[in-house]
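Trainee: Please take me closely through the aromatic side chains of this protein, and through the residues that surround them. I should like each term explained when it is first used.

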Amino acid sequence: MSGQVDDQELYDNHVLSVCAALGGLEPLGTGSSELVYVPGDEALACLRDLKRFLRRAEQQRDRRVHHLLRKWHIVQKDLLPMLVASIRNDQLKIASTICELLVPLTWPFDAEGQLAYHDELKEYQEAFLQQDVFASILAVMVHLFSIPHGLRHERDHARLRLLLCLFRNLLAFFDTQVSVTASAEVQWRSILQEQLVTRLYSDGVVDLLMSLCGSLGESEFDGWNTLLVEIFYYMFQRRDISVLLSSDRQGSQLEQLLKKEKASVSTAGRPRTTRHARFGGTFSVALPNGTMVNTRKVAAVASSSADVLPMAAPRLKRTQKDMPSKIPIETPQAQKAFSAIAIQFVKECFNDLAVSMKRDIDRERIYIKPQDTVRFIWLCQFGLELRRDACRTGTMIGLDSILGVLNTPNIVFTLRRLSASRDEKSPVETTFCLKFLNQLLLAIEEMMHQTGDAGMFDVATQLISTLFYEHDNALLLRSLCKESRAHSKSYLETLVACIDTLLGVTERVLAEQGMLVTRKKSRARTSKAPTSAADDGNGTGIGVDGDNTLLASAPAVQQPTGDDASDAEDNEQPRYVEQAFDFRSYMAGFATDGTVATYCQLLRFYPDLENETVEQIVRMLRRLFQDHGCQESFYKLSVMELFGQIANARGAGQASTSGLHKELLSFVALVVGTFVEQVSSNAESGPLALLKIVFGGIRSDKELSLANSD
């Protein structure tokens with residue numbers, strides 16, 4: 001045991017001696033107080049020794065060398081100052097070796113590919129904010145790119161890819177939200193990624209990344225698209241696009257939070273009734289038939305129900321893990337940098353990056369991982385949403401900047417990934433797919449209303465026809481509303497927004513075009529092929545059913561003979577029926593208990609919902625309740641309890657004083673009033689309807705009836 005300790009200590013001393021020989025700070029001149037970093041005589045050899053140490057540690061999955069270098073602050077005190085000094089002294093070989101060494105030191109993933117080493121990477125993020133660090137790395141990249149592609153060594157290609165990995169490593173850890181009472185150091189370390197993005201933008205690194213995105217069509221940049229997508233993913237995925245392009249500063253956001261806090265304090269300060277107060281005013285009524293009915297005062301009932309039913313969101317078991325919350329941008333400089341980068345990215349290189357990623361995914365390149373597919377879908381929805389919000393805020397970006405993703409293969413691919421992610425229970429990918437479909441529908445509608453551009457209208461018509469042609473596509477979106485699983489708030493908000501956009505766009509398209517064609521799959525026995533099909537001479541035919549519905553062409557099947565004839569009678573061959581899309585019938589499919597339960601599940605987060613989300617919920621519930629007769633689904637104890645909570649939510653936030661709150665309350669009053677009228681108007685079925693609220697699984701009135709003996 002002591003021998004192992006001695007060997008380990010000897011190895012640590014060896015690493016320490018190599019680090020000590022890297023160099024040090026020396027005065028700039030005689031009598032000068034300014035210190036500059038001067039590399040040692042064997043600095044290049046020491047850097048190569050450190051690379052060997054790290055390579056051996058990675059092979060043995062031992063991070064002891066990483067911990068030692070972090071403990072001695074080698075990156076902060078030696079490597080980064082030496083990098084800046086070597087660029088000033090035109091020692092590009094030393095600078096390139098340092099950049100190679102920085103990549104494994106800042107590697108953020110563990111052996112399983114998960115983000116790890118948070119504290120270690122936060123220290124390195126702060127270190128890279130030193131002056132001229134990113135400018136020095138950029139100088140190394142420019143030098144490597146200055147070598148013609150045909151003359152560039154394979155090692156130079158690897159160095160360029162490593163430098164992209166370095167930017168990815170530094171951006172991989174997002175900022176965190178800390179308490180306002182935290183220390184200044186904690187506050188500073190909570191916005192390191194924001195400061196890194198600002199420095200990357202000011203030092204010109206972002207411009208180089210944009211140039212690389214625009215050059216992905218060339219063969220020399222094959223395989224770099226995944227790294228570039230990953231860089232922009234970590235840069236923007238946790239940022240709110242509406243806040244990103246907004247001119248509001250942190251003060252207005254704090255003012256809104258302060259109003260919300262005051263409202264919650266006033267709500268919590270309302271006097272609560274005691275347990276004994278619930279029984280005050282209780283009295284009994286003797287009915288003519290001898291039955292005794294106990295009742296209480298209405299005021300006591302209302303106050304006690306508010307105590308019994310809390311307004312907090314329900315504790316749902318096995319709830320999907322919610323997506324990480326958005327991180328606000330703290331400083332005005334970062335706000336300008338993020339906004340400029342996002343707008344420039346969509347204008348200049350979004351199409352090239354998206355097209356390159358989709359091409360490699362279709363070709364099934366070996367370097368494409370499942371997570372890259374998820375990031376590609378995020379990239380598409382991010383570009384479409386940012387362009388739309390930018391146009392809304394006055395920064396006009398043309399539709400040609402996003403045409404690379406507005407095509408039929410992308411719609412088919414997204415729907416396929418939506419179905420697969422639902423089956424694989426991947427809520428993150430499902431949410432990204434729904435967001436992309438939502439933005440895609442909005443972009444299609446915008447294209448259809450482009451005045452004077454017949455090409456845009458034709459493309460939009462083709463896209464919307466592709467979406468509805470396969471009837472299973474529309475059924476897929478509808479089936480998501482009927483799932484009984486407990487979902488996260490972010491997933492439900494995205495689902496509700498996508499369904500609302502789908503229904504709205506479909507209604508408007510049908511009103512303008514008159515008809516959409518959809519294709520349903522039907523089953524027909526091969527032994528009973530329709531005799532009315534007209535043979536075209538090539539073994540195919542077109543059949544017409546009793547409703548004059550066109551049957552798609554299908555190859556004629558040769559009738560089996562012999563022993564296979566009996567087996568062939570039981571086989572079925574799929575056939576397709578083309579017919580006009582019936583929007584009312586499709587909408588009636590939403591009128592189920594599952595849809596109401598899904599929307600009420602999201603409504604339980606009220607009043608912490610955005611006004612737009614509340615408007616989408618009310619619009620859908622009104623359609624189900626008034627237009628499609630789905631009233632029984634609302635007459636359940638859980639739904640009535642939720643409506644009671646909403647009615648008692650006075651002064652719960654900003655939404656409580658808005659017109660949408662009044663609209664929601666009017667819908668609640670409509671449901672409750674209709675139910676009360678239904679119960680009171682019929683003396684025989686009214687009591688049974690009351691029991692059905694509690695016993696929701698009972699569907700027959702006979703199960704609720706009482707025998708004469710009872």
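Mentor: The account below begins with the whole chain and then turns to the rings. The model is a predicted one, in which local features need pLDDT of at least 70 and side-chain atom pairs count only at pLDDT 80 or more, while totals for chains, interfaces and linings use all residues. Residues are numbered from 1 along each chain as its sequence is written, and side-chain values use heavy atoms, with hydrogens and water left out.

The protein has 31 helices and 10 strands; these are DSSP runs numbered from the N terminus, with helices (H or I) of at least four residues and strands (E) of at least two. Of its 710 residues, 44% are buried. Here buried means under 20% relative accessible area, exposed means over 50%, and partly exposed lies in between (1.4 Å probe, protein chains only).

A pair of aromatic rings is described by the distance of the centres and the angle of the planes. Rings of Phe, Tyr and Trp (its six-membered ring) pair if their centres lie within 6.5 Å; planes under 30 degrees apart count as stacked, over 60 as edge-to-face and the rest as tilted. There are 26 aromatic pairs in the structure. In one of them, W107 and F109 have ring centres 6.1 Å apart and planes at 75 degrees, so this pair is edge-to-face. W107 is partly exposed, at 33% relative accessible area, whereas F109 is buried, at 14%.

A second pair, F145 with F221, is tilted, with 6.4 Å from centre to centre and 45 degrees between the planes. F145 belongs to helix α7 (residues 133-145) and F221 to the loop between α11 (205-214) and α12 (225-236), so the pair ties together parts that are 76 residues apart in sequence. F145 is partly exposed at 22% relative accessibility, and F221 is buried at 7%.

Charged groups also meet the rings. A charge sits over a ring if NZ of Lys or CZ of Arg is within 6 Å of the ring centre and within 35 degrees of the ring normal. The charged end of R168 does this above W107, at 4.9 Å from the ring centre. R168 leads on to E230, a residue of helix α12, which is buried at 8% relative accessibility. Apart from neighbours within four places in sequence, E230 is in contact (heavy atoms within 4.5 Å) with F109, R168 and R375. Thus E230 touches F109, the ring partner of W107.

R238 lies over the face of F174, 5.2 Å from the ring centre. F174 is itself a member of a cluster linked by ring pairs, together with F232, Y233, Y234, F236, F338, F345, F350, W378 and F382.

One further aromatic residue deserves attention. F590 is located in the loop between α25 (583-588) and α26, and it is buried, with a relative accessible area of 0%. Sequence neighbours within four places aside, F590 is in contact with R478, C481, I499, L503, T595, M620 and L624. The C-alpha atoms of F590 and M620 are 9.4 Å apart in space, although 30 residues separate the two in sequence. R478, another of these contacts, is among the buried residues of helix α22. That helix, residues 471-480, is mostly covered, with 7 of its 10 residues buried.
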